[in-house]
Amino acid sequence: MPTNTAATIRAEEVLARCKMLASFSEDQGSIRRTFLSPPTRDCHRALTNWLLAPGADVTLDAAGNLRAFYAGEKLHAPRLLLGSHLDTVPNAGPYDGVLGVVLAIALLEGLERRRLPFGIEIVGFSEEEGVRFGQPFIGSRALVGRLDEQFLNSRDRDGISIQTAIKDFGLNPAEIPQAAISEDTFAYLEFHIEQGPVLDSLARPLGVVEAIAGQTRMEFLFLGRANHAGTTPMHFRHDAISAAAEWILEVERVAQINPGLVATVGQIAAKPGATNVIAGEARVSLDLRHRMDAIRLRVAATFAGLAEQIALRRGLTVRTRELLSQPAVQMDKFLVSEIENAMRSAGCEPHHMTSGAGHDAMILAEKVPAAMIFLRTPGGISHDPAESVSLEDVAKALECGWYLLEQLANSSEFQKRTCRA
């Protein structure tokens, strides 16, 4: 087990490496790295150099995921998967995604070529954000066998399909089935910045994720009657924007009285959109998230009912359309318990959390037990150049990771699980 000093030294290197990867961008002066864009090659090159040094074998699968395998002490030892994503949003910060990959490499380096009862596979996922194609989790979907023909034919703004982008990168889409995770994989672990203010508000460096929230996306179209703004008295109006505004306030009210629920209206578009015309149409979005699917679905139905009531009272109609219903994903209880113990060994009191954002872990959980460790995000700022992480928190994450590896290596429960894998 490396010392606290060793953890701090490696944490400094982790931060330096993240900053180096941030320089590989499609945009001058800001960070943007989308699916298999040219800067991805620079990332792969740097990561490969760091992975080869501690003795890992490095490959690139047909979905553009960088894969590195460090064998266990026995020939057919099971494997633990560590990773996160390498792509970013536009005008991104330097830690979302890549920190998890670089931390995994540092954990491997800390073993100093010692072999464990299990192998370690590190994955730098090619895509998680959904920026280029409007389709998230391209990289992790490949590992669980969910990249079908229809998905691969999704196109970006230039009309280039995912399939074509893969070919242009020098890879063969026909080989994507070979990217599936190995049958001997017994678990997936992902380190990630929280991307929110909770840990920072509690002065906690680390959090253990219990669940990834389910998500509903809907669209509401309020249909009233357009008319002249100057000649139509208020009591004669059927104003679509006013109806939408009343409903938006109801969304906020209901969300505030349901613990753990977040509801966001992020888009509103009105027609005809003139300053002197009462809006005849108002189209609004809804993003709804909760760790319990039953609550999320119940509240979604409540919001639809409120829209109907408001529209009826105002002499309008409303059309509702569901765009997405993503079930919540529970993290593996055994792994959560092991993370708790590792955090305590590292001097951190575990704080249990639900992730409101989606992560590759929710995709991998379809096939293998999965867990996540959050690092505090100062100020709660993410997806922005001001995104940051502290040296001390990274050192604590490394300590926690090393304790976790030791625990798994010596766990009787782990031995039972890997025998069944």
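How much space lies in the second largest pocket?

**View 1. The second largest pocket of this predicted model.** There's about 350 Å³ of space in here. Its lining is made up of 20 residues, and the ones nearest the pocket's centre are Arg32, Thr34, Arg132, Asp156 and Arg157. If you're looking for the elements that give two or more residues to that lining, they're helix 2 (38-52) and helix 6 (162-168). As for the chemistry, the lining residues split into nine charged, eight nonpolar and three polar.

**View 2. Gly124 and its neighbours in strand 4.** Gly124 sits in strand 4, which runs over residues 119-125. With a relative accessible area of 3%, Gly124 counts as buried, because the cut-off for buried is under 20%. Setting aside residues up to four places away in sequence, Gly124 touches Gly64, Asn65, Leu66, Ser84, Leu86 and Val101. Have a look at His85 too: this residue is 39 residues from Gly124 along the chain, yet their C-alpha atoms are separated by 5.3 Å.

**View 3. Arg141, a buried arginine with no salt bridge.** Here we're in helix 4, residues 138-144, where Arg141 is found. Which side chain of opposite charge is nearest to Arg141? That's Glu366, 7.0 Å away. A salt bridge needs a side-chain nitrogen of Lys or Arg within 4 Å of a carboxyl oxygen of Asp or Glu, so Arg141 goes without one. What Arg141 does contact, leaving out neighbours within four places in sequence, is Pro136, Arg146, Leu147, Phe151 and Ile363.

Methods: Residues numbered from 1 in each chain as written. Predicted model: local features only at pLDDT ≥ 70, side-chain atom pairs only at ≥ 80, totals over all residues. Heavy atoms only, no water. 1 Å grid on protein atoms, 1.4 Å probe; cavity = no way out; pocket = protein on both sides within 12 Å on 5 of 7 lines; lining within 4 Å. Points joined across faces, edges and corners; volume = space filled by probe spheres on them. Helix = DSSP H or I, 4+ residues; strand = E, 2+ residues; numbered from the N terminus. Nonpolar A, V, L, I, M, F, W, Y, C, P; charged D, E, K, R; others polar. Buried < 20%, exposed > 50% of the residue type's maximum accessible area, 1.4 Å probe, protein only. Contact = heavy atoms within 4.5 Å. Lys, Arg positive; Asp, Glu negative; His and termini not counted.
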